[in-house]
Amino acid sequence: MQHIESYEALEEALKESTDKFVCIEYGAGWCQPCKILGPKVEEFAGEHSESLFLYVDIDNEDLQDHEFVEDVTALPTFRVLKDNAIVKSISGCNFEQVAETYAEATAN
């Protein structure tokens with residue numbers, strides 16, 4: 001899982017991955033549910049190398065104006081993108097729902 005530290009890094013990751021699904025986990029250091037979900041998503045990412053997994057800390061001021069960050073209203077949020085468009089999105093700390101969201105989004 002790639003931890004995104006800048007607007008440019010997020011743009012570059014999205015640009016380079018137009019041929020695969022991009023899964024973005026949005027969290028924050030102060031978010032306890034994010035701390036619970038994070039390690040599970042990290043492990044899941046390692047099992048699904050066919051997709052690009054990114055982690056975005058919404059408190060990073062350099063990322064707050066990005067179109068895929070500015071509308072996040074709950075943490076943690078997990079989104080699956082294809083061709084820079086959101087295919088599926090889920091908020092909450094239920095890992096089983098995250099895995100199901102990924103499976104549904106990548107089934108097509």
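Cys-34 is tucked out of solvent in this predicted model: its relative accessible area is 6%, so it counts as buried. Its partner is Cys-31, joined to Cys-34 by a disulfide with an S to S distance of 2.5 Å. Cys-31 is buried too, at 4% relative accessibility. Look along the S-S bond and you'll find 75° about it, which makes the link of Cys-31 and Cys-34 right-handed. A search of the whole structure turns up just this 1 disulfide.

What about the other cysteines? Cys-23 is in no disulfide, and the nearest cysteine sulfur, that of Cys-34, is 16 Å away. Cys-23 is buried, with a relative accessibility of 0%. Cys-93 has its closest cysteine sulfur in Cys-31, but at 7.7 Å that is too far for a bond. Unlike the buried Cys-23, Cys-93 is partly exposed, at 31%.

Now for the rings. There are 4 aromatic pairs in the whole structure. In one of them, Phe-44 and Phe-95 have ring centres 5.6 Å apart and planes at 80°, so they meet edge-to-face. That contact bridges distant parts of the chain, with Phe-44 in helix α2 (residues 32-47) and Phe-95 in helix α3 (residues 95-106), 51 residues apart. Both Phe-44 and Phe-95 are buried.

Phe-44 also pairs with Tyr-102: the centres are 5.2 Å apart and the planes stand at 90°, so this one is edge-to-face as well. Here again helix α2 is linked to helix α3, across 58 residues. Tyr-102 is buried, at 4%. Add Phe-53, and you have one aromatic cluster of Phe-44, Phe-53, Phe-95 and Tyr-102.

One more ring to look at is Phe-21, where Lys-82 lies over the face at 5.1 Å from the ring centre.

Notes. Residues are numbered from 1 along each chain as its sequence is written. This is a predicted model: local features need pLDDT of at least 70, side-chain atom pairs count only at pLDDT 80 or more; totals for chains, interfaces and linings use all residues. Side-chain values use heavy atoms; hydrogens and water are left out. A disulfide is a pair of cysteine sulfur atoms within 2.5 Å. Buried means under 20% relative accessible area, exposed over 50%, partly exposed in between (1.4 Å probe, protein chains only). Rings of Phe, Tyr and Trp (its six-membered ring) pair if their centres lie within 6.5 Å; planes under 30 degrees apart count as stacked, over 60 as edge-to-face and the rest as tilted. Helices (H or I, at least four residues) and strands (E, at least two) are DSSP runs, numbered from the N terminus. A charge sits over a ring if NZ of Lys or CZ of Arg is within 6 Å of the ring centre and within 35 degrees of the ring normal.
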